[in-house]
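The exercises below ask you to work from the sequence and the coordinates together. Try each task before reading its solution.

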Amino acid sequence: MTRTIDVATASRELEGRPAAEILRWASRELGNKLTFATGFGAEGCVIIDLIAREGLPVDLFTLDTGLLFPETYELWHKLEGRYGIMIRGVRPSHTVEQQADEHGPRLWERDPDRCCELRKVVPLRHALAGFDAWITAIRRDQTAERGHARVVEHDKKFGLLKINPLVAWTHDDVWGHVYARDVPYNPLHDRGYPSIGCHPCTAVVLPGEDARAGRWRGRSKKECGLHVIQPGEVPDAA
Ligand code: SF4
């Protein structure tokens with residue numbers, strides 16, 4: 001279990017290893033205490049493909065904010081059918097309408113941090129209770145904040161281990177896997193959306209812009225608060 005895992009050693013030994021091997025290691029070490037929270041980005045679809053092909057008994061869930069694109073909901077069901085898996089939908093305590101009654105309409109326009117806290121961070125915290133580790137789909141080259149991520153690290157925010165099997169992958173590695181294995185992916189990626197979240201907070205990215213430039217466009221916010229490593233913070237696995 002996690003108490004016996006030497007995070008620094010594991011991260012060092014798994015650095016550069018194939019993602020499938022990292023997932024097999026995590027499943028072996030953590031058993032039914034391991035979960036994967038997917039947002040159905042291309043990286044998440046690759047991880048689902050690997051987990052399914054390896055037959056790993058990893059819990060799978062997504063944060064269903066009630067504000068996902070129709071294409072994302074379709075992809076969710078397509079992945080379940082393709083791989084014969086079940087991806088749990090974790091929902092906030094309030095529907096979008098109930099949130100509007102309590103906090104006013106379109107909270108995401110006035111206070112997106114609060115909206116993400118209510119619709120993503122709090123539900124995620126509840127969903128992770130009972131697990132010792134979670135797999136994420138983050139890559140180091142996605143943002144400066146993610147540039148320090150390790151294969152295995154302590155997640156101080158949620159009190160878990162975090163397993164990042166694609167941390168060393170590039171954009172081209174991800175898409176090479178998607179095309180080679182015919183992995184289902186969100187068709188919005190072909191329409192100018194490299195990073196897809198809730199529809200009110202996701203815009204088309206223009207040529208030359210950062211892949212996450214369309215998330216919360218016009219604001220400095222670029223993360224939901226789920227995977228942030230603060231500038232200057234050295235992960236425990238370092
Ligand atoms: S991405 Fe936007 S709509 Fe979704 S939870 Fe965050 S602020 Fe709210």
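**Exercise 1.** In this predicted model, determine in which sense strands β5 and β6 pair, and over how many bridges.

*Solution.* Begin by locating the two strands, β5 at residues 152-155 and β6 at residues 160-163, and then follow their pairing, which is antiparallel and extends over 4 bridges. Next, take D155 and look for its bridge partner in β6, which is L160. Finally, trace the chain from one strand to the other: β5 and β6 form a hairpin with 4 residues between them, and in the turn G159 has a positive phi of about 65 degrees.

**Exercise 2.** Find which residues of helix α1 are buried, and explain why they line one face of the helix.

*Solution.* Within α1, which spans residues 7-14, the buried residues include A10, S11 and L14. Viewed down the axis of α1, its buried residues fall within an arc of 95 degrees, and therefore they line one face. The general background is that an α-helix has 3.6 residues a turn, so residues three or four places apart point the same way. As a further step, ask what covers these buried residues of α1: the cover includes α2 (19-30) and also β5. Just after the helix comes G16, whose phi is positive, near 85 degrees.

**Exercise 3.** Describe the residues around the ligand, and state which helix contributes the largest share of them.

*Solution.* Start with the 13 residues around the ligand, of which W108, C115, C116, C198 and C201 come nearest. Then assign the shell to elements, where helix α7 (residues 112-128) provides the largest share with 5 residues. Lastly, sort the shell by character, which gives 9 nonpolar, 2 polar and 2 charged residues.

Methods. Residues are numbered from 1 along each chain as its sequence is written. This is a predicted model: local features need pLDDT of at least 70, side-chain atom pairs count only at pLDDT 80 or more; totals for chains, interfaces and linings use all residues. Two strands pair if DSSP finds at least two bridges between them. A residue is buried if 20 or more other C-beta atoms lie within 10 Å of its own, exposed if 12 or fewer, and partly exposed in between; C-beta atoms are placed from the backbone. The arc is that of the directions from the helix axis to the C-beta atoms. Two residues are in contact if their C-beta atoms, placed from the backbone, lie within 7 Å. A residue is near a molecule or strand if its C-beta atom, placed from the backbone, lies within 6 Å of it. Ala, Val, Leu, Ile, Met, Phe, Trp, Tyr, Cys and Pro count as nonpolar, Asp, Glu, Lys and Arg as charged, and the others, Gly among them, as polar.
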